[in-house]
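User: Hi! I'd like to learn how to read a model like this one, step by step. Could you walk me through it?

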Amino acid sequence: MVQTKKIALYLVVVFVLYTIITSPAKAADMVQVGFEGISSAAQGVGQFMTELVN
């Protein structure tokens, strides 16, 4: 099981590096979309907590 996790991690790292090297602009767009999603989720949780307290 540990070997499978290591192989999967190596494959993900290789894919990320390949994507960054071959298409840096597209990779930057993907990162931006990810951070926007995290930001939206955090804002939603904050709004929920604010409404819960009020």
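Analyst: Happy to! A good place to begin is one residue: Thr19 is found in helix α1. Keep in mind that this is a predicted model.

User: Is Thr19 buried or exposed?

Analyst: Relative accessibility is the value to look at, and buried means under 20%. Thr19 has 13% relative accessibility, so Thr19 counts as buried.

User: Leaving aside its neighbours within four places in sequence, which residues is Thr19 in contact with?

Analyst: With those neighbours set aside, Thr19 touches Pro24, Ala27 and Met30. These three residues belong to α2.

User: How do I describe two helices that pack together?

Analyst: Two packed helices are described by the angle between their axes and by the distance between those axes. Here, helix α1 covers residues 2-22 and helix α2 covers residues 24-53; they pack at an angle of about 120°, and their axes are 5 Å apart. That angle makes α1 oblique to α2.

User: Which residues of α1 meet α2?

Analyst: On the α1 side you will find Thr19, Ile20, Ile21 and Thr22, and they meet Pro24, Ala27 and Met30 in α2. By type, the residues of this contact divide into 5 nonpolar and 2 polar, with no charged ones.

User: Let's zoom out. How many helices and strands does the protein chain have?

Analyst: The secondary structure of the chain comes to 2 helices and 0 strands.

User: What is the radius of gyration of the protein chain, and what would a compact globule have?

Analyst: This comparison sets the chain against a globule of 54 residues. The protein chain has a radius of gyration of 17 Å, whereas a compact globule of that length would have one near 10 Å. Along its principal axes, the C-alpha trace spans about 50 × 35 × 5 Å.

User: What share of the residues is buried?

Analyst: Buried residues make up 4% of the 54 residues in the chain. The accessible surface comes to about 5000 Å², and 73% of it belongs to carbon and sulfur atoms.

User: Could you show me an exposed residue for contrast?

Analyst: Sure, take Thr4, which also lies in helix α1. Its relative accessible area is 51%, so Thr4 is exposed.

User: How far is the C-alpha atom of Thr4 from that of Gln47?

Analyst: Those two C-alpha atoms are separated by 40 Å, and the residues are 43 residues apart along the chain.

Notes: Residues numbered from 1 in each chain as written. Predicted model: local features only at pLDDT ≥ 70, side-chain atom pairs only at ≥ 80, totals over all residues. Heavy atoms only, no water. Axes fitted to C-alpha atoms, helices over the stretch in contact; angles between N-to-C directions. Helix = DSSP H or I, 4+ residues; strand = E, 2+ residues; numbered from the N terminus. Parallel < 35°, antiparallel > 145°, perpendicular 65-115°, else oblique. Contact = heavy atoms within 4.5 Å. Nonpolar A, V, L, I, M, F, W, Y, C, P; charged D, E, K, R; others polar. Buried < 20%, exposed > 50% of the residue type's maximum accessible area, 1.4 Å probe, protein only. Rg over C-alpha atoms; globule rule 2.2 N^0.38 Å. Areas by Shrake-Rupley, 256 points an atom, 1.4 Å probe, with all protein chains shown as cover.
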